[in-house]
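This report describes the fold of one protein chain and then looks at selected helices and residues. Please keep the sequence and the structure in view while reading.

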Amino acid sequence: IFSKYSFLIGIILLIHWILLVQDRMVNQIPLNLFWLSHLALLITAFGFFFRNNLLLTAALVSVFIMHGLWIVDFIFLLLGNSPSDYTEYVLRLTPYRMLLTLHHIYLIPLLLFTLWKKINKHGWILASVLFAILSLSSFLFLPKEFNINCAHYVCKPLQTIFPFLAIHINPFIYLIILNIFVDLFILYLPNGFLVFILKSEYLNI
């Protein structure tokens, strides 16, 4: 079914991304578009356009951990007790803008169903390159106070859960450690885990 309707799914995802761009421009927060989660949405759209499991796997491993944490925190938020305030901002959004955040919820199941037994074992490499470019660009060109992609310091939600992460070290050393940590624990290990669990054959969708 996903193979048959892959182009249509890509169109829908691209429309979602365009609506995100329009929203960020209207609300004067264009820097928000540089978060990896928004890039993953665009990569997913192109992955469906070209029926390419490398792009889709890169998108999946890019969001697998962080969107997973987002979903868990959001469930706790709905129950009245968010452990990290990771998703607390959603409550301040208009209904329309809440809908625009839905990619945090649907990307993981959509990509898992699509890539069932088709996870590309090299997806984490492309995801690592993309994160390296994003984090370096965020570090060099975007304001520190926005801390896009946690490029300047450990993001506040993680500091809330793990106070010991609120440390001050040389910014360049931090950026190197960040990329090593993300490559190994956020991208490589989930990619390998999914390949093993889903017994993937590395085929295109």
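In helix α2 of this predicted model, the buried residues are Leu-36, Ser-37, His-38, Ala-40, Leu-41, Leu-42, Ile-43, Thr-44, Ala-45, Gly-47, Phe-48 and Phe-49. Because 12 of the 14 residues of α2 are buried, the helix is largely enclosed by the rest of the structure. Which elements do the buried residues of α2 pack against? They pack against α1, α3, α5 and α6.

A second helix, α5, covers residues 103-114. Its buried residues are His-103, His-104, Leu-107, Ile-108, Leu-110, Leu-111 and Thr-114. The cover over these buried residues includes α1 (6-26), α2 (36-49), α3 (53-78) and α4 (95-100). A general feature of helices helps in reading such lists: an α-helix has 3.6 residues a turn, so residues three or four places apart point the same way.

The lengths of the two helices can be compared with the span expected at 1.5 Å a residue, as set out below.

| Helix | Number of residues | Distance between end C-alpha atoms | Expected span |
|---|---|---|---|
| α2 | 14 residues | 20 Å | 20 Å |
| α5 | 12 residues | 15 Å | 16 Å |

For α2, the distance agrees with the expected span. For α5, the distance is close to the expected one.

The chain as a whole may now be considered. The protein chain contains 8 helices and 0 strands, and from the N terminus on its elements run α-α-α-α-α-α-α-α. The radius of gyration is 17 Å, close to the 17 Å that the globule rule gives for 205 residues, so the chain is as compact as a globular protein of that length. Along the principal axes, the C-alpha atoms fill a box of roughly 50 × 35 × 35 Å. Of the 205 residues, 42% count as buried. Where contacts join residues at least 6 apart in sequence, 72% of these contacts join residues at least 24 apart.

The surface and the charges complete this overall description. The accessible surface of the protein chain comes to about 11,400 Å², and 75% of this area belongs to carbon and sulfur atoms. There are 11 positive and 7 negative side chains, and the centres of the two sets lie 12 Å apart.

Two residues deserve attention for their backbone angles. Arg-51 follows α2 and has a positive phi, near 50 degrees; this residue is not a glycine. Arg-51 is placed in the loop between α2 and α3. Asn-149, also a residue other than glycine, has a positive phi near 60 degrees. Asn-149 is located in the loop between α6 (123-141) and α7 (156-161). Is Asn-149 buried or exposed? Asn-149 has a relative accessible area of 4%, so it counts as buried. Arg-51, in turn, is partly exposed, with a relative accessible area of 36%.

Finally, Tyr-96 gives an example of a contact across the chain. Tyr-96 belongs to helix α4 and counts as partly exposed because its relative accessibility is 40%. Leaving aside residues up to four places away in sequence, Tyr-96 touches Leu-19 and Gln-22. Tyr-96 and Asp-23 are 73 residues apart along the chain, and their C-alpha atoms are separated by 9.8 Å.

Terms used: Residues numbered from 1 in each chain as written. Predicted model: local features only at pLDDT ≥ 70, side-chain atom pairs only at ≥ 80, totals over all residues. Heavy atoms only, no water. Helix = DSSP H or I, 4+ residues; strand = E, 2+ residues; numbered from the N terminus. Rg over C-alpha atoms; globule rule 2.2 N^0.38 Å. Buried < 20%, exposed > 50% of the residue type's maximum accessible area, 1.4 Å probe, protein only. Contact = heavy atoms within 4.5 Å. Areas by Shrake-Rupley, 256 points an atom, 1.4 Å probe, with all protein chains shown as cover. Lys, Arg positive; Asp, Glu negative; His and termini not counted. Charge placed at Lys NZ, Arg CZ, Asp CG, Glu CD. Expected span 1.5 Å × (residues − 1).
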